[in-house]
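Let's take a stroll through a protein model and see what stands out. Have a look at the sequence and the structure first, then read on.

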Amino acid sequence: YDDILSEDGVWGAFGLHPHNAKMWSPEIEKNLIRANSHPKCVAWGEMGLDYGKGYTETSPDVIEMQKDAFLAQIKQALKMNKPFVIHARGAEMDAFEIMKAKAPKDHRIHFHCYSGSWNTAWKMLEHFPNMYIGVTGLVTFGTASDVREVARKVPLERLLIETDAPYMKPSNANLVDQDSPRSASPAMGVWVAAKIAEIRRVELDDVLIQVRQNVKNMYGI
């Protein structure tokens with residue numbers, strides 16, 4: 001990762017994804033501490049819980065492994081004063097309860113690729129004043145009514161735009177360029193922003209300018 005982080009305009013975040021919770025070990029923890037010590041590493045993550053059917057095994061034993069790995073990473077991130085990047089699919093409330101119990105209320109948190117309900121998002125935003133909700137290309141999908149509601153209601157100063165590349169390519173990108181790549185790329189974030197502006201009935205520039213400030217507030221970059 002040193003070569004990648006040496007590039008201008010590139011920063012890093014390192015964590016163990018819940019799909020890989022079985023891999024958690026003292027060696028993995030040591031390696032993550034080393035990676036998060038890099039001067040261009042701006043956060044610890046993504047980390048968290050995943051109960052999504054079809055994405056990961058959700059037996060009680062595996063869920064406990066996910067929680068153990070999540071708790072251990074929160075502990076180290078706090079020691080290093082690193083913001084969190086949270087992955088929680090189908091597990092938003094469990095992740096929230098763990099963070100409430102372990103993290104200071106003023107800790108900076110990026111809830112990555114949020115796909116839960118607005119009610120849950122609002123509870124978290126109220127408790128953690130420095131939490132930001134990440135919205136991806138999922139907001140452009142016709143089936144993603146919950147995400148569109150979040151995109152409409154979340155305070156603009158608490159919003160981050162993502163692509164989760166190479167996944168969830170914004171569907172509105174195809175409307176303009178039929179030859180665009182099949183996979184998402186970070187450059188497609190503008191299509192996510194465009195959909196959010198449409199949903200909120202505001203100018204695209206209003207979204208982009210505020211989100212740029214949100215990135216500075218969240219990551220210091």
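How do the residues of the lining of the largest pocket divide into nonpolar, polar and charged? Keep in mind that this is a predicted model. The lining splits into 20 nonpolar, 6 polar and 4 charged residues.

**The two pockets**

Here are the two pockets side by side.

| Pocket | Volume | Lining by class |
|---|---|---|
| Largest pocket | about 1,100 Å³ | 20 nonpolar, 6 polar, 4 charged |
| Second largest pocket | about 380 Å³ | 7 nonpolar, 5 polar, 3 charged |

Let's start with the largest pocket. It is lined by 30 residues, and the ones closest to its centre are His110, Ile161, Glu162, Thr163 and Tyr219. Several parts of the chain chip in: helix H1 (2-5), strand S1 (12-14), strand S2 (41-50), strand S6 (159-161), H8 and H9 each give at least two residues to this lining. The largest share, 5 residues, is from H9.

Now for the second largest pocket. Its lining is made up of 15 residues, and His87, Arg89, Cys113, Asp164 and Met168 sit nearest its centre. Strand S3 (residues 84-89) provides the largest share here, with 3 residues.

**Two helices that meet**

H8 and H9 turned up in the lining of the largest pocket, and these helices also pack against each other. Helix H8 covers residues 189-200 and helix H9 covers residues 204-219; the angle between them is about 120°, and their axes are 8 Å apart. H8 and H9 are therefore oblique to each other. The crossing of H8 past H9 is right-handed. On the H8 side, the contact is made by Val190, Ala193, Ala194, Ile196 and Ala197, while H9 brings Leu204, Val207 and Leu208. Sorted by class, the residues of this contact come out as 8 nonpolar, no polar and no charged.

**Some backbone details**

Where are the cis peptide bonds described here? One runs from Gly45 to Glu46, with omega near 10°. Glu46 is part of strand S2, and S2 is also one of the elements that supply the lining of the largest pocket. Another cis peptide bond joins Ala165 and Pro166, with omega at about 10°. Pro166 is found in the loop between S6 and helix H7 (172-176).

That loop between S6 and H7 also holds Met168. Met168 is not a glycine, yet it has a positive phi of about 50°. You've met this residue already: Met168 is among those nearest the centre of the second largest pocket.

Technical notes:
Residues numbered from 1 in each chain as written. Predicted model: local features only at pLDDT ≥ 70, side-chain atom pairs only at ≥ 80, totals over all residues. Heavy atoms only, no water. Axes fitted to C-alpha atoms, helices over the stretch in contact; angles between N-to-C directions. Helix = DSSP H or I, 4+ residues; strand = E, 2+ residues; numbered from the N terminus. Parallel < 35°, antiparallel > 145°, perpendicular 65-115°, else oblique. Left-handed = near helix turned anticlockwise from the far one by under 90°. Contact = heavy atoms within 4.5 Å. Nonpolar A, V, L, I, M, F, W, Y, C, P; charged D, E, K, R; others polar. 1 Å grid on protein atoms, 1.4 Å probe; cavity = no way out; pocket = protein on both sides within 12 Å on 5 of 7 lines; lining within 4 Å. Points joined across faces, edges and corners; volume = space filled by probe spheres on them.
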